[in-house]
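User: Please take a close look at one part of this model for me, with the helix packing and the aromatic rings in view. I work at the bench, so plain wording is welcome.

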Amino acid sequence: MSDSGSDEDITALTAEDRGSTESVRKGCDPLVSTQRSKLQQRRAKLNQQINRELRLRSGAENLYRASSNQKVKETVALELSFVNSNLQLLKEELEELNSSMNVYQTESETISVPMIPLGLKETKDIDMTIPLQDFISEHYGEDTSLYLNEIRDFMELRQAMRTPSRNEAGQELLTEYYNQLYFLDQRFFSPHRSLGIHFHWYDSLTGVPSVQRALAFEKGSVLFNIGALYTQIGARQDRSTLTGIQNAIDAFQRAAGAFLYLQENFSHAPSLDMSSPALSMLVRLMVAQVQECVCEMVTLNMQDNNLNVLLQAAQEAARVSDVYSLVLQAMSVPLLKDYVPFSWISMVQVKTHHFRALAHYYTAVALCDCPGMSDEDDDEGQQIKALIQIHTRRPEKLDLYDPEDKRRLGKAHLRKAIIRHEEALRLHGVCKMLRKMDILQEVLSHAHARSLEKYSDIDQEDDFCEVAEAPEIQSHTQQKPDIKTPDFSGVRVTDIFHRLGPLSVFSARNRWVRRHVCLVRGEAGLGLTLRGDSPVLVAGVLPGGCAAEAGLREGDYIAAVNGADCRWAEHAEVVHALKSCTDRGLELDVITLQSHEVERRMNLSPTGEKECQSGSQRRAGREYERGSSSLWNWSWRSGGVTKRLGSTFSLSFGNRESESMF
């Protein structure tokens with residue numbers, strides 16, 4: 001998968017802060033028998049069964065192609081028919097599970113239209129112990145037994161991430177793991193070798209498994225689950241209160257932001273749920289559900305005789321209908337029309353007609369029930385002007401100053417509302433999954449009955465006038481959706497493997513030579529200059545001095561003094577340790593970074609030319625190496641400017657090329 005950035009500020013703690021900020025976040029107990037946990041367990045079991053059937057089908061197809069025996073081919077063909085039948089049944093069962101919207105809805109007794117949530121992507125357990133130990137031993141030259149706790153902590157965090165709670169704590173858990181993947185990428189994923197770790201994730205809707213070695217696939221899948229969890233949080237809000245509606249709006253906006261971030265910054269996804277068309281559809285779906293909540297906020301405490309509020313509600317309902325029409329178009333593209341669950345398509349169609357019917361109903365109530373605002377001509381003129389402007393075109397052959405014409409136009413709107421309500425009920429009855437949702441049936445039936453009752457109230461037996469034609473309602477919203485990009489800086493994380501050393505030097509991207517030197521103080525001192533901290537850099541070496549004779553070179557990093565680890569030491573601490581040098585000398589472990597460019601120059605250039613390079617040239621080269629080692633493993637589109645990473649790092653949105661999941 002590919003990963004290109006956004007306004008992403010992940011805060012990493014320094015080594016000294018680690019003790020007080022250890023992650024204590026845990027996932028949900030998978031053994032607790034809640035409705036949601038049962039659903040996840042059934043989904044995981046179905047994913048495994050589908051994976052097994054797919055392997056059987058692949059093996060049978062290979063055997064069929066390889067065999068020349070007709071009897072064997074007939075037997076294999078029969079077996080393939082059974083496997084395909086089982087596979088179809090399993091996929092239908094999984095689709096029914098993924099369409100189980102009731103599990104994620106609010107438990108409030110109030111009646112509201114159900115929302116469409118997403119289930120989380122499932123993943124398999126991964127034992128990273130051996131690959132990480134091998135890399136620590138080969139690349140860092142460390143004793144692997146000293147890092148067993150860190151490896152265990154990371155694997156426990158990944159296990160907890162598989163079952164996040166459906167609240168803010170669950171989001172923080174997913175975000176923490178996502179942030180830790182940055183450090184894992186820098187520490188262990190070298191461009192020169194593969195760790196041999198395979199990440200298994202199942203498609204969130206079909207259960208088809210995908211396996212990739214690219215860490216970007218793991219990042220993208222976690223980011224998808226961040227968005228999916230926000231959809232569940234939004235769907236469970238009690239939208240009978242203003243606070244509940246606002247919380248639902250915030251959750252759906254954050255879900256849209258997560259999916260949009262995934263679409264714009266990751267590419268070449270191996271599973272269809274993370275493809276660009278699918279993510280575009282999900283973003284539109286979340287925006288539509290935000291718009292639906294905005295409409296509910298307008299109608300929450302609406303007064304039937306308030307003209308302005310009724311017209312605003314009509315335009316908001318028309319806006320909801322329009323955005324759901326766009327969602328339906330996104331679901332109908334060739335790649336997705338057979339992929340998206342039928343219950344989702346049916347729900348979107350139902351909402352398109354339902355909210356269009358509400359738009360006509362509110363307009364009819366405004367026309368028929370709202371009296372003149374006052375006897376002043378100006379106020380009545382403003383009222384009539386508002387009634388005209390709410391339509392996409394001016395009503396023909398009708399004078400809205402005439403109460404009878406207003407009633408006729410209101411009746412025409414009610415007629416359209418009833419037709420739309422009946423179509424919504426018909427579509428609801430076609431879908432098996434929607435028929436199981438009693439609350440949706442109740443909402444649709446109530447709205448239909450209300451329109452019928454209103455129509456009968458204004459219908460007159462002696463009404464022989466020509467039937468008026470109601471124009472469509474002009475859609476408009478007072479609150480446009482604000483897609484919120486994921487805020488990774490909200491969760492502070494500590495690099496679990498921080499004991500390996502500062503990332504500016506000790507990363508998988510860097511190559512170095514570790515040397516052991518003995519430094520003895522002379523009459524003129526040690527003969528070296530230090531700069532910076534964590535780790536401290538040898539900025540200069542006096543020719544002919546003690547440091548030069550010991551083998552220290554400009555650009556070396558001091559890793560240890562007399563066996564004491566100095567990789568995270570500050571400048572003053574290392575200076576103090578060197579000043580304690582006695583006649584017996586000091587034992588130093590130093591690191592010398594090497595890049596491909598330096599190695600090439602060492603092979604092609606004579607020693608004299610290398611020695612003639614100015615100190616400023618050598619320092620510039622080293623600074624470039626240090627800076628580049630701190631960058632994400634993604635290309636920059638704008639100039640390739642390097643950034644040093646200290647305790648925090650920040651990447652500009654859209655400035656990086658995407659990272660592919662191959």
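Analyst: Happy to! Helices here are DSSP runs of H or I with at least four residues, strands are runs of E with at least two, and both are numbered from the N terminus. By that count, Gly 59 is found in helix α1 (residues 35-66). The model is predicted, so local features need pLDDT of at least 70 and side-chain atom pairs count only at pLDDT 80 or more, while totals for chains, interfaces and linings use all residues. Residues are numbered from 1 along each chain as its sequence is written, and side-chain values use heavy atoms, with hydrogens and water left out.

Let's stay with Gly 59 for a moment. Its relative accessible area is 36%, so this glycine is partly exposed (buried means under 20%, exposed over 50%, partly exposed in between, with a 1.4 Å probe and protein chains only). Its C-alpha atom lies 9.7 Å from that of Leu 80, 21 residues away along the chain.

Now to the helix packing. The axes of α3 (residues 129-140) and α5 (residues 168-188) come within 11 Å and cross at roughly 50° (axes are lines fitted to C-alpha atoms, for helices over the stretch in contact, with angles from 0 to 180 degrees between N-to-C directions). That crossing makes α3 oblique to α5, because angles under 35 degrees count as roughly parallel, over 145 as roughly antiparallel, 65 to 115 as roughly perpendicular and the rest as oblique. From α3, Leu 132, Phe 135, Ile 136 and Tyr 140 make the contact, and α5 brings Leu 184, Arg 187 and Phe 188 (contact means heavy atoms within 4.5 Å). Six of these residues are nonpolar, none is polar and one is charged (Ala, Val, Leu, Ile, Met, Phe, Trp, Tyr, Cys and Pro count as nonpolar, Asp, Glu, Lys and Arg as charged, and the others, Gly among them, as polar).

The aromatic rings carry the picture further. Phe 135, Tyr 140 and Phe 188 belong to one aromatic cluster that also includes Phe 497, Phe 506 and Trp 512. Helix α5 also holds Tyr 177, which is linked to Phe 154 of helix α4 (residues 148-161), 23 residues apart. Their rings form a tilted pair, 5.6 Å centre to centre with 40° between the planes (rings of Phe, Tyr and Trp, by its six-membered ring, pair if their centres lie within 6.5 Å; planes under 30 degrees apart count as stacked, over 60 as edge-to-face and the rest as tilted). Both Phe 154 and Tyr 177 are buried.
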